[in-house]
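Reader: I'm new to this structure and I'd like a close look at one part of it. Could you take me through the last helix and what surrounds it?

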Amino acid sequence: MELMSREELLALPTTTNIETAARAIGLGRTRAYELARTGEFPCKVIRVGASYRVVTADLRRLLGGEAS
């Protein structure tokens, strides 16, 4: 798995799917879903029907890549 570049991180929309967020953090897909299900994902996760959306602003803060 290749980590996400700073440019890719800054180009993300307001929310992103759990797989994209996991890639940015360096987590595998299975572990990311497990953390989201248990409420332990390191960023805010919103459940939309059967899917999970991660708040990109939280992801950027976690990774120290906030847009200026």
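Author: Here is a walk from the whole chain to that helix, and then on to a few other residues.

A word on the ground rules: this is a predicted model, so local features need pLDDT of at least 70, side-chain atom pairs count only at pLDDT 80 or more, and totals for chains, interfaces and linings use all residues. Residues are numbered from 1 along each chain as its sequence is written, and side-chain values use heavy atoms, with hydrogens and water left out.

Let's start with the overall build. The protein chain has four helices and three strands, where helices (H or I, at least four residues) and strands (E, at least two) are DSSP runs numbered from the N terminus. Going from the N terminus, the order is α-β-α-α-β-β-α. The chain's radius of gyration (taken over C-alpha atoms) is 11 Å, close to the 11 Å from the globule rule (2.2 Å times the number of residues to the power 0.38) for 68 residues, so the chain is as compact as a globular protein of that length. Its C-alpha trace spans about 30 × 25 × 15 Å along the principal axes. Of the 68 residues, 34% count as buried; buried means under 20% relative accessible area, exposed over 50%, and partly exposed in between, with a 1.4 Å probe and protein chains only.

Now to your helix, H4, which covers residues 56-63. Its buried residues are Thr56, Asp58, Leu59 and Arg60. What lies over them? The cover includes helix H1 (6-10), S1, helix H2 (18-25) and strand S3 (51-55). After H4 comes Gly64, with a positive phi near 70°.

Arg60 deserves a stop of its own. This arginine of H4 has a relative accessible area of 15%, so it counts as buried. A polar atom of the Arg60 side chain sits 3.1 Å from the backbone oxygen of Leu12. That is a polar contact, meaning a pair of N or O atoms within 3.5 Å; within protein, one must be able to donate a hydrogen and the other to accept it, and residues adjacent in sequence count only if both atoms are side-chain atoms.

From the strand side, look at Thr16 in S1 (residues 15-17). Thr16 is buried as well, because its relative accessible area is 5%. Setting aside neighbours within four places in sequence, Thr16 is in contact with Ala21, Tyr52, Arg53, Val54, Thr56 and Leu59, contact being heavy atoms within 4.5 Å. Two of those names, Thr56 and Leu59, are also among the buried residues of H4.

Tyr52 leads on to another arginine. The side chain of Arg47 makes a polar contact with the side chain of Tyr52 at 3.2 Å, and a polar atom of the Arg47 side chain lies 3.1 Å from the backbone oxygen of Gly49. Arg47 belongs to strand S2 (residues 45-48). Its C-alpha is 9.1 Å from that of Ala36, a residue 11 places away along the chain.

One last arginine, for contrast: Arg31 is in helix H3 (residues 29-37). With 42% relative accessibility, Arg31 counts as partly exposed, whereas Arg60 is buried. Arg31 and Phe41 are 10 residues apart in sequence, and their C-alpha atoms are 9.3 Å apart.
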